Amino acid sequence: MKVEDYFEKKKQETNKSFAFLMERCSRSEENPYSIKLCKPDLSRTTVVLLAGTVDERSALRLSNGLLKKVDDFIFNICNFEKEEVQVCTAVCHFGKYLNPDMARKLLYLYYKDYRTYEGQMRNFEQAEAIEYAVPNYVADLFEKLIIPRLCDEKQNLLPFDMALQRMRKLVVVTYCHGAYTWMKLEEQINLLLIGKKYTNRQKKLLLKSITVVAYSPDCPLGYSNAQFISFSSASDLSIQHGNGFIRYVHRNMFVEDFGLCYLSGKWGRAFYCAKYSKEGVEGNPLVFRRVDPKAWYENLHNENVEQKKSYVSEHDFLGFYPYPNMSYAAFKMQRMAVFVLLSAIENSISDKPRNLSVFSLVGGLMYHFWSFQIARIKGLLIMLKYYWWARKPHRHSFADNVNFVSLD
C-alpha cells in the first residue's frame with residue numbers, strides 16, 4: 001500500500017493519535033515519492049527520526065524532506081552500508097484529542113510542577129486525559145521500536161544480554177516536539193521494566209545504551225536516562241528546558257554573546273550557542289528583516305510556494321552543512337552534533353559496542369577536544385553565575401516576557 005493511502009486510511013479509522021514508520025526507497029509506480037512503510041530490522045542499526053509538529057496537509061511531504069536529509073547524509077556522504085544501517089522517520093498524527101502544544105506544556109509541568117500538572121489533567125475529558133497521559137501515537141511507536149528489542153513474541157522480557165544488544169542498535173534523532181515523543185517513550189520503557197527480572201543497574205544500562213541526538217528539543221532537560229544530548233540556540237525563546245540557562249543569558253533584551261557552552265549532568269547534557277545566525281554576535285551587526293504579515297500568513301501552509309532559505313533561523317533543524325549566515329559557534333556545535341550521530345552509528349554497528357560518554361561521542365581526544373573542554377568550563381561558570389543571579393529578589397529576564405502562539 002502507498003504511504004499516502006495508508007495515512008488517509010488510518011485517519012478515517014480513528015479519532016485518536018497514531019504513528020507509523022516510513023523509509024526512503026527507489027521511485028516507482030507504487031512509491032512515486034520514494035517512500036514506503038517501514039518495519040524496523042533488528043539485525044541492523046535503526047536510526048529513527050522523531051520530528052516536530054507539522055500541518056496535517058504537509059505531514060508526509062515535510063517528514064519526507066527531513067528523512068531525505070538524514071538518509072542522504074548517512075548513506076551518500078558518510079557511506080554507511082544499507083545492510084548495516086536502516087534510516088526511518090516516524091509520521092505522527094495527533095488526532096482529535098491531543099494538542100501538541102498542550103502536551104509539551106503538561107510534560108514540563110509533570111517534571112517541574114507536579115501539583116499544577118495534576119490540576120490541569122483533572123480539567124480534561126476522559127478521552128483527552130488518556131491521550132495526554134499516554135498518547136496513542138507514542139504507544140504505536142513503542143510497539144514498533146521498543147517492544148521487539150526487550151520482549152519475545154509472548155511479551156516476556158528477553159535475557160539481559162540479548163536485550164542490551166538490541167537496544168544498542170537504536171539511535172534516535174529528534175527535532176523540537178520529537179524530544180517530547182522520546183520522553184514519553186522513555187516513560188513507557190520505565191513502566192515496562194518496573195519490578196521485572198533486571199537489576200536496577202541493568203535497567204539503567206539499557207536506557208544509557210540509546211543515544212538521542214536532540215536538535216532544539218522542547219522538553220525539560222536533565223530527566224532522561226538515555227544518552228540524551230541536546231543542541232540548541234539560546235536565542236530560541238520558543239522552547240522550555242527548565243534549567244534556567246536561557247533565562248540567564250537573556251537578562252537583557254539581546255542575548256549574551258557567550259559563544260559555545262556545554263551543560264553537563266543534571267542541567268541536561270546540552271550544548272548551547274548564543275545564536276545560530278551570526279547577526280548580532282561575534283562582532284557582527286544585528287540585522288532586522290522586514291516581513292509582510294499578510295503574505296507570511298497566506299503562505300504559511302502553501303505547498304506551492306518555494307521556500308529556498310539561504311539563512312538559518314533560531315529554531316531551524318540545524319542539519320549537517322553550514323548555512324551562509326551561520327555563526328562560528330553554531331558551526332562548531334553543528335560539527336559536534338554530526339560527530340555524536342556518526343560515533344553512535346559506528347559504535348552500534350561495531351562487533352563490540354559499548355556505552356560511550358558525551359566526551360567520546362563528540363570526538364574524544366582526537367577531535368574537538370579543546371572546543372569541548374572550553375565549552376564545558378564556560379557552561380559551569382555561567383550556571384554558577386545563574387544561581388547567584390537567581391537569588392536576587394528583583395531578577396528579571398527578557399525571555400520571561402515572550403509568548404508564542406500556534407497558527408494552524
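Author: A helix here is a DSSP run of H or I that covers at least four residues, and helices are numbered from the N terminus. This is a predicted model, so read everything below with that in mind.

Reader: Okay, helix α2 then. What makes the contact between D72 and K68 a salt bridge?

Author: The cut-off is 4 Å between a side-chain nitrogen of Lys or Arg and a carboxyl oxygen of Asp or Glu. For D72 and K68 the N to O distance is 3.0 Å, so the pair falls within that 4 Å limit.

Reader: And why are D72 and K68 said to be separated by about one helical turn?

Author: D72 and K68 are four residues apart in helix α2 (residues 59-77), which means about one helical turn between them.

Reader: Are D72 and K68 buried, exposed or partly exposed?

Author: Buried means under 20% relative accessible area and exposed means over 50%, with partly exposed in between. D72 has 25% and K68 has 36%, so both land in that in-between class.

Reader: How many salt bridges does the structure hold?

Author: Eight. One of them links the side chains of D41 and R44, at 3.1 Å from N to O.

Reader: What class does each partner, D41 and R44, get?

Author: They split. D41 is at 26% relative accessibility, so it counts as partly exposed. R44 is at 17%, so it counts as buried, given that buried means under 20%.

Reader: What about R104 and D101: what makes that one a salt bridge?

Author: Their closest N and O atoms are 2.5 Å apart, so the pair meets the 4 Å cut-off. R104 and D101 are three residues apart in helix α3 (residues 100-112), so about one helical turn separates them. R104 is buried at 13%, whereas D101 is partly exposed at 28%.

Reader: Which residues make up the network around R104?

Author: D101, R104 and D218 are joined into one network by salt bridges that share partners.

Reader: On to the sheet. Why is β3 described as largely enclosed by the rest of the structure?

Author: Six of the six residues of β3 are buried, so that description follows. Both faces are covered: T45, V47 and L49 are buried on one side, and T46, V48 and L50 on the other.

Reader: What makes β4 largely enclosed too?

Author: The argument is a residue count again: nine of the nine residues of β4 are buried, so the rest of the structure largely encloses it. One side of β4 carries V85, V87, T89, V91 and H93, the other Q86, C88, A90 and C92, and all are buried.

Reader: How do you know that β3 and β4 pair?

Author: Two strands pair if DSSP finds at least two bridges between them. β3 and β4 (residues 85-93) have six bridges in the parallel sense, so they satisfy that rule. V47 has V87 as its bridge partner, and T45 has V85.

Reader: Why is the pairing in the sheet called mixed?

Author: In general, strands of a sheet pair through backbone hydrogen bonds, either parallel or antiparallel. This sheet has both kinds. β3 and β4 are parallel, as are β6 (residues 211-215) and β7 (residues 227-233) over five bridges, but β1 (residues 18-24) runs antiparallel to β4 over five bridges. A19, for example, has C92 as its bridge partner in β4, and A214 stands opposite S230 in β7.

Reader: What is the strand order of the open sheet?

Author: The nine strands go β2-β1-β4-β3-β5-β6-β7-β9-β8.

Reader: And what makes β2 and β8 the edge strands?

Author: β2 (35-37) and β8 (260-263) each pair on one side only. Across the sheet, the twist averages 25° from one strand to the next.

Reader: Which strands does helix α8 touch?

Author: Helix α8 (residues 177-193) packs on the sheet and touches β3, β5, β6 and β7, with its direction at about 140° to that of β5. Helix α14 (residues 369-390) lies across β8 and β9 instead, running at about 70° to β8.

Reader: Last one: which residues form the nonpolar patch on the surface?

Author: M253, F254, L286, F288 and F398, with about 550 Å² of accessible area together. F398 sits in the segment after α14.

Conventions. Residues are numbered from 1 along each chain as its sequence is written. This is a predicted model: local features need pLDDT of at least 70, side-chain atom pairs count only at pLDDT 80 or more; totals for chains, interfaces and linings use all residues. Side-chain values use heavy atoms; hydrogens and water are left out. Helices (H or I, at least four residues) and strands (E, at least two) are DSSP runs, numbered from the N terminus. Axes are lines fitted to C-alpha atoms, for helices over the stretch in contact, and angles run from 0 to 180 degrees between N-to-C directions. Contact means heavy atoms within 4.5 Å. Patches are made of residues with over 30% relative accessible area and no salt bridge: like charges are joined within 9 Å, nonpolar side chains (Val, Leu, Ile, Met, Phe, Trp, Tyr) within 5 Å. Accessible areas come from the Shrake-Rupley method with a 1.4 Å probe; for residues, only the protein chains shown count as cover. Buried means under 20% relative accessible area, exposed over 50%, partly exposed in between (1.4 Å probe, protein chains only).
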